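Dear colleague,

Please find below the structure I promised to hand over. My findings on its salt bridges, and on one further residue, follow it.

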Amino acid sequence: MSTPARQRSTLGGIPAWVAVVAAIGALLIVVPIVSLATRVDWPNFGSLVTSESSLAALALSLRTSVASTVLCILLGVPLALVLARTTFPGKRVLRALVLLPLVLPPVVGGIALLAAFGRRGLLGASLDALGVSIAFSTVAVVLAQTFVALPFLVLSLEAALRAAGSRYEAVASTLGASPSTVFRRVTLPLVLPGLVTGAVLAFARALGEFGATLTFAGSLEGVTRTLPLEIYLQRETDPDAAVALALVLVVVAVIVMVVTYGRREIR
């Protein structure tokens, strides 16, 4: 095949058929989102998304998502460090269990959380005896969001740790720095972009969590009814409000993705 003919059959080195299939895949995502925007009652959009129940759900979602993201950072950074920097029997099993919520149906995650922290659960029974009730509370929302969001932070940070390598940490250790100092002064600054990316993805996942929250925390207005639950309920009583609130979540998700991956493209 001549050079001009070869250039006509490819796009930047990619075969034309790959570009066609890629376009179909992109349309599968884009068309439903665009269709959602066309269904919005734009003249009444402001009133639809600023009702008392909608604002309460949005405020609760933001508060719990921030809390769960902080919890993901506190738990996920050590987990990622252990998975990336250590070797021990059962490491593959641990990684599989940590990443399990990525493939587990959210409702199953909610049932598992109930089995652990419900009043008759493995840990919940003891906590209930101490007067601590977690299920069907705001704390339950945070735990459910953390359960499904934690793997996103662990995956992102573990990949950053492996890409960075351990040579700088080894040099710092040979110069007499303690493990805690190496972690604080070398490791964290080195993988900070990966940590930020993981935290942003965890926040976005927590903000959109539905199944585990409904199963483990219920839907109590102002207590456990997050924005996804409000959208689900509004779908039955006020479809226009449900579509408008759904678009709000889509816009937030798009902003998160653009900020996260746009920053990577710049680098």
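Glu158 is buried, its relative accessible area being 6%. Please bear in mind that this is a predicted model.

**Salt bridges**

Glu158 pairs with Arg95 in a salt bridge whose closest N and O atoms lie 2.6 Å apart. This pair joins distant parts of the chain: Arg95 belongs to helix α5 (residues 91-99) and Glu158 to helix α8 (residues 138-164), with the two positions 63 residues apart in sequence numbering. The pairing is also part of a wider arrangement, as Arg95, Glu158 and Arg162 are linked in a network of salt bridges.

The salt bridges in the model come to 7. One of them is formed by Glu169 and Arg85, with 2.8 Å between the closest N and O atoms. Here too distant parts of the chain are linked, since Glu169 is in helix α9 (residues 167-174) and Arg85 is in helix α4, 84 residues apart. As to accessibility, Glu169 has a relative value of 10% and therefore counts as buried, the cut-off being under 20%. Arg85, at 27%, is partly exposed, because its value falls between the 20% and 50% limits.

A further salt bridge is that of Arg205 with Glu209, where the closest N and O atoms are 3.2 Å apart. Arg205 is partly exposed, with a relative accessible area of 22%, whereas Glu209 is buried at 1%. As general background to these pairings, side chains of opposite charge can pair when their charged atoms come close.

**Thr69**

Which helix holds Thr69? The residue is placed in helix α4, which spans residues 52-85. Arg85 of the salt bridge with Glu169 is in helix α4 as well.

Is Thr69 buried or exposed? Its relative accessibility is 10%, so Thr69 counts as buried under the 20% cut-off.

Two kinds of interaction may be noted for this residue. The side chain of Thr69 reaches the backbone oxygen of Ser65 at a distance of 2.7 Å. Leaving aside residues up to four places away in sequence, Thr69 touches Ala199, Ala202 and Phe203.

When you view the model, I would suggest beginning with the network of Arg95, Glu158 and Arg162, and then turning to Thr69 and its contacts with Ala199, Ala202 and Phe203.

With kind regards

Methods:
Residues are numbered from 1 along each chain as its sequence is written. This is a predicted model: local features need pLDDT of at least 70, side-chain atom pairs count only at pLDDT 80 or more; totals for chains, interfaces and linings use all residues. Side-chain values use heavy atoms; hydrogens and water are left out. Helices (H or I, at least four residues) and strands (E, at least two) are DSSP runs, numbered from the N terminus. Buried means under 20% relative accessible area, exposed over 50%, partly exposed in between (1.4 Å probe, protein chains only). A polar contact is a pair of N or O atoms within 3.5 Å; within protein, one must be able to donate a hydrogen and the other to accept it, and residues adjacent in sequence count only if both atoms are side-chain atoms. Contact means heavy atoms within 4.5 Å. A salt bridge is a side-chain nitrogen of Lys or Arg within 4 Å of a carboxyl oxygen of Asp or Glu.
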